[in-house]
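Here is a short report for the bench. Please look over the sequence and the structure before reading on.

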Amino acid sequence: MAGDTLITVIGNLTADPELRYTAQSVPVASFTVASTPRTYNRASGQWEDGTAMFLRCSAWREMAENIAESLTKGMRVIVYGRLQQRNWERDGQNRSSLEIQVDEIGPSLRYAQAQVTRIPRSSGGFNQGGQGGFASGAPAANFNQGGGFNGGAAANLGTGSMSAAQPSVDDNPWAAPATSDNGEGNEPPF
């Protein structure tokens with residue numbers, strides 16, 4: 001949107017995402033991403049950590065549920081969204097905080113592996129509020145929408161592997177053999 005401050009942050013989740021529902025039963029996931037800049041000190045020949053930045057993030061609707069099922073504390077993620085400032089008054093003093101309204105999120109694959117699982121979108125008959133942007137019945141390409149890494153269990157972050165069990169051929173639309181409708185027979189089904 002015009003006038004929004006767009007931001008991309010790479011960091012680690014400080015806790016498991018918290019999934020809540022509004023009074024209208026709309027899911028919202030809240031989580032914090034810690035991002036620490038590192039600089040190389042030529043004098044000492046070592047990397048040094050800067051001051052950590054903690055950013056609170058919120059995601060809505062189907063994306064919120066996918067985040068809660070897929071991501072856990074300590075996972076390195078890439079978050080893209082709109083930076084928003086919240087203002088309020090407490091004890092006669094004006095307060096403010098910055099928060100990211102998440103438009104896209106995914107695991108960082110720099111030190112890990114991930115297996116993406118597609119699930120059919122729920123039929124609501126409306127655009128999902130910009131959280132993926134497909135109308136009802138259109139294909140979805142959001143990451144890891146069905147059960148998360150390791151089937152929803154905590155990932156073993158020490159090995160750098162976050163792969164899940166392989167889905168069956170029936171569940172994988174990309175595993176279907178190509179049809180020979182176009183005469184070539186070896187083309188992908190899209």
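The text below covers confidence, overall layout, the nonpolar core, the helix and the salt bridges.

## Confidence

This is a predicted model. The mean pLDDT of the protein chain is 75. Of its residues, 63% reach 70 or more. One stretch needs care: over residues 125–167 the pLDDT is below 50. That stretch still has 90 contacts in the model beyond near neighbours in sequence. Where pLDDT is low, the predicted coordinates should not be read in detail.

## Overall layout

The protein chain has one helix and eight strands. Along the sequence they run β-β-β-β-β-β-α-β-β. The chain has 190 residues, and 28% of them count as buried. Its accessible surface is about 12,100 Å². Carbon and sulfur atoms account for 49% of that surface.

How far along the sequence do contacts reach? Among contacts between residues at least 6 apart, 59% join residues at least 24 apart.

## The nonpolar core

In soluble globular proteins, nonpolar side chains tend to be buried together. Here the largest nonpolar core holds 18 residues. Phe-31, Val-33, Ile-67, Val-79, Val-102 and Ile-105 touch the most other members. Six elements give two or more residues each to this core. They are strand S1 (5–13), strand S3 (27–35), strand S6 (53–60), helix H1 (61–70), strand S7 (76–90) and strand S8 (93–107).

Phe-31 is a good residue to look at in the viewer. Phe-31 is found in strand S3. Is Phe-31 buried or exposed? At 2% relative accessibility, Phe-31 counts as buried, because the cut-off for buried is under 20%. Leaving aside neighbours within four places in sequence, Phe-31 is in contact with Leu-13, Pro-17, Leu-55, Arg-56, Cys-57, Ile-67, Val-79, Val-102 and Ile-105. Four of these partners, Ile-67, Val-79, Val-102 and Ile-105, are also among the core members that touch the most others. Phe-31 and Ser-58 are 27 residues apart in sequence. Their C-alpha atoms are 6.7 Å apart in space.

## The helix

Which residues of H1 are buried? They are Glu-62, Met-63, Ala-64, Asn-66, Ile-67 and Ser-70. The cover over these buried residues includes strand S2 (18–21), S3, S6 and S8.

## Salt bridges

Side chains of opposite charge can pair when their charged atoms come close. The structure holds four salt bridges. Three of them are listed here.

| Pair | Closest N to O distance |
|---|---|
| Asp-49 and Arg-38 | 2.8 Å |
| Arg-82 and Asp-103 | 3.0 Å |
| Glu-99 and Arg-86 | 3.9 Å |

Take Asp-49 and Arg-38, which form a salt bridge. This pair links distant parts of the chain, with Asp-49 in strand S5 (residues 46–49) and Arg-38 in strand S4 (residues 38–41). The two are 11 residues apart. Asp-49 has a relative accessible area of 55%, so Asp-49 is exposed. Arg-38 is at 49% relative accessibility and therefore counts as partly exposed.

Next come Arg-82 and Asp-103, whose side chains meet in a salt bridge. The pair joins strand S7, which holds Arg-82, to strand S8, which holds Asp-103. They are 21 residues apart. Both Arg-82 and Asp-103 are buried. For Arg-82 the relative accessibility is 17%. A polar contact of 3.0 Å also joins these two side chains. Not counting residues up to four places away in sequence, Arg-82 touches Asp-4, Thr-5, Leu-6, Glu-99, Ile-100, Gln-101 and Asp-103.

One of those neighbours, Glu-99, forms a salt bridge with Arg-86. Glu-99 lies in strand S8 and Arg-86 in strand S7, 13 residues apart. How do the two partners differ in exposure? Glu-99 is at 11% relative accessibility, so Glu-99 counts as buried. Arg-86 is at 46% and counts as partly exposed.

## In brief

Strands S7 and S8 give residues to the core. The Arg-82 and Asp-103 pair links S7 with S8, and so does the pair of Glu-99 and Arg-86. Phe-31 in strand S3 is one of the core residues that touch the most other members.

Technical notes: Residues numbered from 1 in each chain as written. Predicted model: local features only at pLDDT ≥ 70, side-chain atom pairs only at ≥ 80, totals over all residues. Heavy atoms only, no water. Core = buried A, V, L, I, M, F, W, Y, C linked by side-chain atoms within 4.5 Å. Buried < 20%, exposed > 50% of the residue type's maximum accessible area, 1.4 Å probe, protein only. Helix = DSSP H or I, 4+ residues; strand = E, 2+ residues; numbered from the N terminus. Contact = heavy atoms within 4.5 Å. Areas by Shrake-Rupley, 256 points an atom, 1.4 Å probe, with all protein chains shown as cover. Polar contact = N/O pair within 3.5 Å; in protein donor to acceptor, adjacent residues only side chain to side chain. pLDDT = per-residue confidence, 0-100.
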